[in-house]
Amino acid sequence: MKITRIRQAVSPISSAIANAYIDFSKMTASVVAVTVEDGGRSATGFGFNSNGRYAQEGLLRERFIPRLEGCALPPHADGGFDPAPAWAAMMKNEKPGGHGERSVAVGVLDMALWDATAKLANKPLWKLLADRFNGGEADPSAWIYAAGGYYYPGKGVGELLEEMRRYLGLGYSVVKMKIGGAPGTPLKDALREDITRIEAVLGLLGGDGSRLCVDVNGRFGLHAALAYGAALTPYGLRWYEEPLDPLDFSTHATLAEHYPHPIATGENLFSMVDARNLIRHGGLRPDRDVLQFDPALSYGLVEYLRTLDMLRAHGWSPRRCVPHGGHQFALNIAVGLGLGGNESYPEVFAPFGGFADDTPVQDSRISMPNAPGIGFERKNDLYAVMRRLA
Ligand code: MG
């Protein structure tokens, strides 16, 4: 089994939204198509990077695509192949540490390899993963939540509530909103404004804090994170996301001593070793906190399998993982490997965010289509982009 063709393109996913740290007006994504042939059989797998990191055209062209071209793939008994040796070929002559954004470039190609191997095995990826790694046990559906509540020019509390109402109408019962983004505002004023926004959304959710997540996108220092944490505590929110710089582990440990409810983080940690540092030094609690490592941004699923092994060795269940990114790749992993769920973007990051067209959301749960591979062919707007590459 051999890789015979790799193509890449850059696609815009820009929009006028912003979180507390960046605006998305110039955001791009890399898209790749990797063709694998085996005698008379062939399959083309597709991959892309999820939002928050830009397209990786140069790294793909100069290093990772050339290393993968012509790569031999060991066949697997299920009719597909094992992507791990291809992953090792991509990482040849790469030193450890200092991951930068090469983890994004490798993740794009890794996604395409898993799509191709599942297509050759004629199985949906979630089923292939369950069969290979989880004793054949896949979840019947995945828990997902609607991530939104971005800052947008002219957007007030009324518009925020309209947005959240739309998510409830789509079948989501848990929603997430951005906080901490009021520009240049003194802490006490920003906090007062955010509490107003939070209480308004909670009003829509019947006052049930377990249906609302808030996301700071790494904006706060320890002082602001503690002040917000104290103010948020009475609401018993589902989780308090990325309150602190994602690489500053000791401040997480301090916050976790003071904030009693779940903290979520990890979407900006890009390797198993980075994830392990968070687990070792971040003071997070395996009975409640939420880990959001995004396989599409962090060297793909070959590396994510190592991360899951590391978590088990440290007493963490895969159910504590709810990946960032709102994409079909992580959704397949969630169902096939028994994670806690997946993010979803009902209104932003099209066409890359979102799931198969014919899988409605019911009570914040979604079932998987039975199509071979990751299921991109069942998502029309995304497949239109990919088909141009193939
Ligand atoms: Mg986030």
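## Two domains and what sits between them

Between domain 1 and domain 2 there is 1 salt bridge. Its partners are the side chains of E377 and K119, which come together at 2.7 Å, N to O. Keep in mind that this is a predicted model.

The polar side of this meeting goes further than that pair: 15 residue pairs, both at pLDDT 80 or more, are in polar contact between domain 1 and domain 2. On the domain 1 side, the elements that each supply at least two residues to the face touching domain 2 are β1 (2-12), β2 (28-38), β3 (41-48), α2 (84-90) and α3 (102-120). Of these, α3 gives the most, with 12 residues. Sorted by class, that face of domain 1 has 22 nonpolar, 10 polar and 5 charged residues.

Now for the layout. The protein chain is split into domain 1, covering 2-122, and domain 2, covering 142-387. The contact draws on 37 residues from domain 1 and 46 residues from domain 2. Measured out as area, the two domains bury about 3500 Å² between them, and 70% of that is on carbon and sulfur atoms. Their C-alpha centres lie 24 Å apart.

### Three buried residues

Three single residues are worth a look, and the table puts them side by side.

| Residue | Element | Relative accessible area |
|---|---|---|
| S11 | strand β1 | 10% |
| D194 | helix α6 (residues 187-204) | 2% |
| T265 | strand β8 (residues 263-265) | 1% |

Take S11 to begin with. Is S11 buried or exposed? With a relative accessible area of 10%, S11 is buried, because the cut-off for that label is under 20%. Leaving out neighbours within four places in sequence, S11 is in contact with T28, A29, V31, F352 and V385. One of these, V31, is 20 residues away from S11 in sequence, yet the two C-alpha atoms are 7.0 Å apart in space.

Next comes D194, in helix α6. Which side chain does the side chain of D194 make a polar contact with? The partner is the side chain of Y228, at 2.7 Å. Y228 also turns up among the contacts of D194 beyond four places in sequence, together with Y151, I179 and G180. D194 counts as buried, at 2% relative accessibility.

Then there is T265, in strand β8. T265 is buried as well, with a relative accessible area of 1%. Setting aside neighbours within four places in sequence, what is T265 in contact with? The list runs to E242, H252, L278, L284, V290, L291 and Q292.

### A helix on the inside

Finally, have a look at helix α11, residues 328-337. Why can α11 be called largely enclosed by the rest of the structure? The reason is that 10 of its 10 residues are buried, so the rest of the structure largely encloses this helix. Those buried residues are Q328, F329, A330, L331, N332, I333, A334, V335, G336 and L337. Right after α11 comes G338, and the phi of G338 is positive, near 70°.

Conventions
Residues are numbered from 1 along each chain as its sequence is written. Side-chain values use heavy atoms; hydrogens and water are left out. Buried means under 20% relative accessible area, exposed over 50%, partly exposed in between (1.4 Å probe, protein chains only). Helices (H or I, at least four residues) and strands (E, at least two) are DSSP runs, numbered from the N terminus. Contact means heavy atoms within 4.5 Å. Domain bounds come from an automatic or database domain assignment. Buried area is the accessible area (1.4 Å probe) that two parts lose on being put together, summed over both. A salt bridge is a side-chain nitrogen of Lys or Arg within 4 Å of a carboxyl oxygen of Asp or Glu. A polar contact is a pair of N or O atoms within 3.5 Å; within protein, one must be able to donate a hydrogen and the other to accept it, and residues adjacent in sequence count only if both atoms are side-chain atoms. Ala, Val, Leu, Ile, Met, Phe, Trp, Tyr, Cys and Pro count as nonpolar, Asp, Glu, Lys and Arg as charged, and the others, Gly among them, as polar.
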